[in-house]
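User: I'm new to this one and would like to know how each label is earned. Can we go through it together?

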Amino acid sequence: MGSGHSAHLHVAGDTLLHRLPPHVKLVGLLAFVLATVSVPNGARPVLVVLLGLAVAVLVSTRVPVRHVLPRLAVETPFAVFALVLPFVAVGPEVELGPVSVSEPGLVAAVALLLKGTTGVVCAVAFAVTTEPRDLVRALQHLRVPDPLVTIASFMVRYVEVVADQLRRMRVARDSRGFRSRSVRAWPALASSTGALFIRSYERGERVHLAMLSRGYGGRMPVTAPLAGRPVQWAVALAPAAVAVAGSVAVRAA
Amino acid sequence: MSTPVLDLRRVAYAYPGGHQALYGVDLHVHPGERVALLGPNGAGKTTLVLHLNGILTPGHGSVHVSGLPVAEENLLEVRRRVGIVFQDPDDQLFMPTVRDDVAFGPANLGLRGAELDARVQEALAAVDVADLAGRAPHHLSFGQRRRVAIATVLAMRPEILVLDEPSSNLDPASRRELAAILRSLDVTILMVTHDLPYAVELCERSVVLSEGTIVADGPTREVLADDALMARHRLEMPAGFSL
């Protein structure tokens, strides 16, 4: 049955991060990531401190490590890019063990790894403590344009319905002896994908009818308004403040 | 006699492609009635239902809901008065949680805060699923989803509940429980169904729609006992059933 990713990301709990209102948390996350990115690449101690801070935030959610680690894998492509960077970048070279690599490339690679990991760790901390529905509410509260909020909301609701449909189609296909082993199977796969698209489109039309029938007038109503207390804002923005302070100190020095 | 909740006069409709679905339908439903709308596939039942709350506008004829004409300027009030429960609950339940979904209709009517919460609780309690408020629709059983779909419409306090195939895909126990719930609701009901035993069980009156016209309208048992009429319009009791 239903096993979309949305069911797996969030982990229920009652920590500080779980209790923060979603829009406050989202703004805090965005501010911290932007502030971290703006720290000069050479300020490695500051970047290490910020990464430590991000890890501390993630640890404070008390979500098991084995749940968190696979989520961090999204960073892999960036990590690969960072590892390649010292070898392909130009500029003065330094000796790193047996090989000589580009010095600006090495600095950029280390900064990219530190900043990227900090961002991913924070994003995972946000994701494991925020239900998909609350993310949608936060976007709506932060005045993200309604069509985008509606798209996000429908994705949260229907991703598993569509995944189930896909699964049923695959079982029906395989039950008639289909095996996707060579290029010759592609037409069948393509028409399944097309059928799924059309079914989803038709469902969209039926959902729209159901919405109109219940008085939908073009705007999703806010049924549960969000509110953040000043102290919650202060907590959420504290990591960003640390990053900004670090960045300013480095630039002043 | 009282003002009918539904008053359709000579309603005719052709789809933009030219297919004529309804040829002058007259139908009156009075407060407190439970009416079954029967008919073979392709008879125009769904087309008729979509006229009741102004999703489709008749090419000819008129639709009134408790005296209010179904017209552009009354649409919101008409949609409050006529609650349609669609056949597939996955179409009806489009919000991330049950609570949000049940709140969608009344929120569109302008309800907020404690009043909205009370309305949601009331609707969920009416179909006996108050404990599901925080759940995601996708994680409910089909029977639960069907009940929540009914709650989403009840939350608007409709004058008439229009159900499209309410018993389809339900297991026998869910089917029986749903019947008990529908009987307990203090609301006029129009039920589109192929499930003739369900019509006998729940509706004192039945209307047969075939090829876009009403061909029979009377007490359910009398309509279903007319073998010639039944055969002419491809209606059959399941094997082994008798009235």
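User: What share of the contacts in chain A between residues at least 6 apart in sequence join residues at least 24 apart?

Analyst: It's 77%. Two residues are in contact if their C-beta atoms, placed from the backbone, lie within 7 Å. Bear in mind that this is a predicted model, where local features need pLDDT of at least 70 and side-chain atom pairs count only at pLDDT 80 or more, while totals for chains, interfaces and linings use all residues. Residues are numbered from 1 along each chain as its sequence is written, and chains are lettered from A and ligands numbered from 1 in the order in which they are written.

User: Which helices and strands make up chain A, and how are they ordered?

Analyst: Chain A has eleven helices and two strands, and along the sequence they read α-α-α-α-α-α-β-β-α-α-α-α-α. Both kinds are DSSP runs numbered from the N terminus: helices are H or I with at least four residues, strands are E with at least two.

User: Why is chain A called more spread out than a compact globule?

Analyst: Its radius of gyration, taken over C-alpha atoms, is set against the globule rule, 2.2 Å times the number of residues to the power 0.38. For 253 residues the rule gives 18 Å, and chain A comes out at 23 Å, well over that, so it earns the description. Its C-alpha atoms fill a box of roughly 65 × 55 × 35 Å along the principal axes.

User: How do you know that the length of helix 9 of chain A agrees with its residue count?

Analyst: The expected span is 1.5 Å times one less than the number of residues. Helix 9 of chain A (residues 146-175) has 30 residues, so it should span 44 Å, and its end C-alpha atoms are 42 Å apart, which agrees. There is a bend of about 45° at A:Tyr158, that being the angle between axes fitted to the seven residues ending there and the seven starting there.

User: What makes a residue of that helix buried, and which ones qualify?

Analyst: Buried takes 20 or more other C-beta atoms within 10 Å of its own; exposed is 12 or fewer, partly exposed is in between, and C-beta atoms are placed from the backbone. In helix 9 of chain A the buried residues include A:Val149, A:Arg157 and A:Tyr158.

User: Why are strand 9 and strand 10 of chain B called a pair?

Analyst: Pairing needs at least two bridges found by DSSP. Strand 9 (residues 205-210) and strand 10 (residues 213-219) of chain B have six, in the antiparallel sense. B:Val208 stands opposite B:Ala216 there.
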